[in-house]
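These are my notebook entries on one protein model, written down as I looked things up. I begin with a strand pairing and then move outward from there.

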Amino acid sequence: VTPVAGSLESYKALPKAALCVSNDTGIIQWIEEDVHASGLQDVMLKHGILAEDASIVELKPGEFLLPGFIDTHTHAPQVPNIGSGQEDELLNWLAKTTFPTEAKFADVAFARKAYASAVRRIIDNGTTTCCYYGTLHLEGTKVLADIVHQYGQRGFVGKCNMDRNSPEYYVEPSAKESLLRTEELITYIRSLPSGSHATTPNALVQPVLTPRFAISCTSDLLTSLGELAASDPSLTIQTHISENASEIAFTKSLFPPTSLPGQTSETTYAGVYDAFGLLRSNTILAHAVHLEDSEVELIKERNAGISHCPTSNFNLRSGWAKVGVLLDKGIKVGLGTDVSGGFSPSILTAVQHASIASKVVALSAPPSASTHPSSQEQTQAHTSTSTPPFANRQLPIATLLYLATLGGAEVCNLAHRVGSLEVGKEFDALVASVRDDAGNPNLWGIDLEDNVKGDVGREELQGMVERFLFCGDDRNIRRVYVRGKLIGGKVWNAGGRV
Ligand code: GUN
Ligand code: FE
C-alpha cells in the first residue's frame with residue numbers, strides 16, 4: 001500500500017505484490033503486481049535473481065506493507081513526561097512540566113537511558129524517519145544522535161537554542177555559547193560513520209538547526225543562526241510557529257516591527273523567522289494553528305513545510321490547524337506527534353487526531369463554504385486522482401495516509417528517497433498486521449476472519465488499512481525497516497533479526 005506522488009487523494013493497494021530490495025544499497029529494485037506464491041520463482045528469475053541468493057519474507061495472512069511513518073516533529077527528552085501536565089496550556093505547561101524534565105538531561109547517563117528507551121519506542125511504533133528536538137545540552141544531544149544512529153533510524157537531531165525567557169536553571173548563558181554548541185553538534189553528527197551501506201553513503205542521521213521558538217531566542221541568537229543557515233543551504237531548520245494565542249501575542253511584543261532586520265510595518269510570527277533568514281525550503285514549522293493569511297502566503301513563497309501536530313494541538317488546548325487550506329495552497333504538510341504536548345509517540349494517533357481535527361473544521365465551516373462531498377463522492381475519492389479543494393472538509397483516508405508518509409517526506413525534503421514504496425527509493429517500510437501475536441484475527445474484537453484468510457482483494461486490503469490507521473497501535477507493527485534493514489517491530493523484538 002503506498003500513497004501516489006502528486007495526488008493527495010489516492011493510494012495504490014496491491015494485494016499480491018512482490019517487491020525486491022537490494023541488500024547492498026537498501027534501494028527498491030523492482031515491484032511486480034499480481035504475483036502468486038507459486039509464481040514467485042519465475043518472477044525472480046525474470047529479474048535475474050536465484051532463490052538461493054535472496055532472503056524471502058513472505059507476508060502472512062492479515063499482514064501488509066506500508067511506507068514507514070515519518071514524524072516531522074517530536075521532543076525525545078519529553079518522552080518520560082508523556083501524560084503529565086495535561087490540564088495546562090502551552091506556556092504554563094512549558095514552565096511547570098517540560099523545562100524541569102528537560103533540565104535533567106544535563107546528566108549524560110540519565111540522557112543515555114531515557115533516549116535509548118524513547119527511540120526504541122518510537123521505532124517500534126513504525127516511525128522510520130523522525131525529526132527530533134533534543135534539549136539545550138550539547139553532550140546529551142550527541143547521545144541522542146548516537147542512539148538514533150546506532151538503532152538505524154533515519155532522522156534529524158537538533159539541540160535547542162534558547163538564551164532567554166527560560167528558567168535560570170535551563171537557559172544558555174549567551175547567544176555566542178548557543179551558536180558554538182550548535183556548530184559543534186553539527187560537526188559531530190556529520191562525522192558519524194555512514195554505516196553498512198557504503199554504496200548509499202548519504203547519512204541516515206542529519207543535524208537540524210533548532211531555535212526552540214522565537215520567544216526563547218534573542219535577536220542576536222536568531223541573527224547568528226540565520227548567518228549559519230545562509231552559509232549552509234543544505235542545513236535543515238526546525239522550530240515552532242503560531243501554536244497558542246498567548247505565545248503569539250508574546251512573540252509579537254518581543255519583536256516589534258522596528259526590531260526586525262529589513263523592518264516591516266507589522267510583525268507576524270512567520271515574518272520574524274523570515275526576517276532572520278530562517279524561513280526557507282528546508283524549514284519545518286510545527287503547529288501552524290493560528291496562521292494569518294499573509295503568513296500562509298509567505299510560507300508558500302518560501303516553500304517551508306508544516307508539521308501538523310493535532311494530538312498536541314487538542315491536548316494543550318491550542319486549537320486546530322486549517323490543514324485543508326494549507327494543502328489547497330500546495331504547502332508541504334506532514335504529521336508530528338509533538339511528544340509530550342501530544343500524549344502518544346505513535347503517528348497512528350496523529351492520523352486519528354488529524355482526521356478528527358479535519359472533522360472539527362468541517363463541522364465549524366460556514367454553510368456557504370461547505371463543500372462536503374456526498375458519501376458517494378467520498379467513496380469514489382478512494383481511487384480518484386484529482387485533488388479537489390480540501391478546505392472546510394474532512395480529510396479522506398488516502399490523504400491521512402499521505403500526510404503520515406509521503407507528505408512527511410516532502411516536509412523533510414526526502415521525498416526523492418523515502419515516503420512511498422517505489423522503484424529507486426530506499427526501502428523504509430513497516431509490516432502491519434491485523435492479527436495479534438498468537439495469530440488470532442480479531443485484535444480489535446472484530447471478526448476479520450474473512451479478510452485475512454486466503455486471497456485478499458483490493459477492497460479488503462483497503463478496509464484493513466483503514467482499520468489499522470484508526471485503531472492500530474504498536475501491537476500491530478510486526479516489522480520496521482529502514483533502508484532495507486530490519487530495525488524494530490514485534491518480530492525484531494522477538495529476536496528475528498534476519
Ligand atoms: N514551544 C516551545 N517549546 C515547545 C515544546 O516543547 N512543545 C510545544 N508543543 N511547543 C513548544
Ligand atoms: Fe513541539
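Which residue in β7 stands opposite Asp71? I looked this up first, keeping in mind that the model is predicted, and I found that Cys130 in β7 is the residue opposite Asp71.

**Entry on β6 and β7.** I then checked how the two strands are joined, and I noted five bridges between β6 and strand β7 (residues 127-133), which run parallel. I recalled that strands of a sheet pair through backbone hydrogen bonds, either parallel or antiparallel. For burial I looked at β6 itself: seven of its seven residues are buried, so β6 is largely enclosed by the rest of the structure.

**Entry on the loop after β6.** Following the chain onward, I found Glu89 in the loop between β6 (69-75) and α2. Is Glu89 buried, partly exposed or exposed? I counted it as partly exposed because it has 16 C-beta neighbours inside 10 Å, whereas a buried residue would need 20 or more. Leaving aside residues up to four places away in sequence, Glu89 touches Asn244, Leu316 and Arg317. I also wrote down that Glu89 and Asn315 are 226 residues apart in sequence, while their C-alpha atoms are 8.4 Å apart in space.

**Entry on Arg317.** Since Arg317 is one of the residues that Glu89 touches, I looked at it next. Arg317 lies in the loop between α10 (310-315) and α11 (323-329), and its phi is near 55°, a positive value in a residue other than glycine. With 13 C-beta neighbours inside 10 Å, Arg317 counts as partly exposed.

**Entry on ligand 1.** Which residues are found around ligand 1? I listed His75, Leu90, Leu94, Thr98, Arg212, Phe213, His240, Glu243, Ser312, Asp338 and Gly341. Helix α2 (residues 90-103) gives the largest share of this shell, with three residues. Sorting the shell by class, I noted three nonpolar, five polar and three charged residues.

**Entry on β13, β14 and what follows.** I found that strand β13 (residues 305-308) and β14 run parallel and are joined by four bridges, and that Ile306 has Val333 as its bridge partner in β14. In strand β14 (residues 332-335), Lys332 and Gly334 point one way and Val333 and Leu335 the other, yet all of them are buried. In the loop between β14 and α12 (347-364) I came to Ser340, and I marked the peptide bond from Val339 to Ser340 as cis, with omega near 0°.

**Entry on Asn303 and Ser281.** Just as for Arg317, I noted a positive phi at a residue that is not a glycine: for Asn303 it is about 60°. Asn303 sits in the loop between α9 (293-302) and β13, and it counts as partly exposed because it has 16 C-beta neighbours inside 10 Å. Ser281, in the loop between α8 (269-275) and β12 (283-287), has 12 C-beta neighbours inside 10 Å and therefore counts as exposed. Setting aside residues up to four places away in sequence, I found that Ser281 touches Arg302, Asn303, Ala304 and Asn413.

**Entry on helix α14.** How many of the eight residues of helix α14 (residues 397-404) are buried? I counted seven, so the helix is largely enclosed by the rest of the structure; among these buried residues are Thr399, Leu400 and Tyr402.

**Entry on the open sheet.** I traced a sheet of four strands, open and with antiparallel pairing, in the order β5-β15-β16-β17. Its edges are β5 (63-67) and β17 (485-488), each with a single partner strand, so one side of each is left without a neighbour in the sheet. On average, neighbouring strands of this sheet are turned by 30° against each other, direction ignored. Between strand β15 (residues 429-433) and strand β16 (residues 477-482) I noted four bridges, and Leu430 stands opposite Val480 in β16.

**Entry on the two domains.** Last, I copied the domain assignment, which gives domain 1 (2-66 + 422-493) and domain 2 (69-365 + 399-411). Their C-alpha centres lie 31 Å apart, and 26 residues of domain 1 are in contact with 25 residues of domain 2. On the side of domain 1 that touches domain 2, α17 (458-471), β16 and β17 each supply at least two residues, and the residues of that side divide into twelve nonpolar, six polar and eight charged.

Notes
Residues are numbered from 1 along each chain as its sequence is written. Chains are lettered from A and ligands numbered from 1 in the order in which they are written. This is a predicted model: local features need pLDDT of at least 70, side-chain atom pairs count only at pLDDT 80 or more; totals for chains, interfaces and linings use all residues. A residue is near a molecule or strand if its C-beta atom, placed from the backbone, lies within 6 Å of it. Ala, Val, Leu, Ile, Met, Phe, Trp, Tyr, Cys and Pro count as nonpolar, Asp, Glu, Lys and Arg as charged, and the others, Gly among them, as polar. Two strands pair if DSSP finds at least two bridges between them. Axes are lines fitted to C-alpha atoms, for helices over the stretch in contact, and angles run from 0 to 180 degrees between N-to-C directions. Domain bounds come from an automatic or database domain assignment. Two residues are in contact if their C-beta atoms, placed from the backbone, lie within 7 Å.
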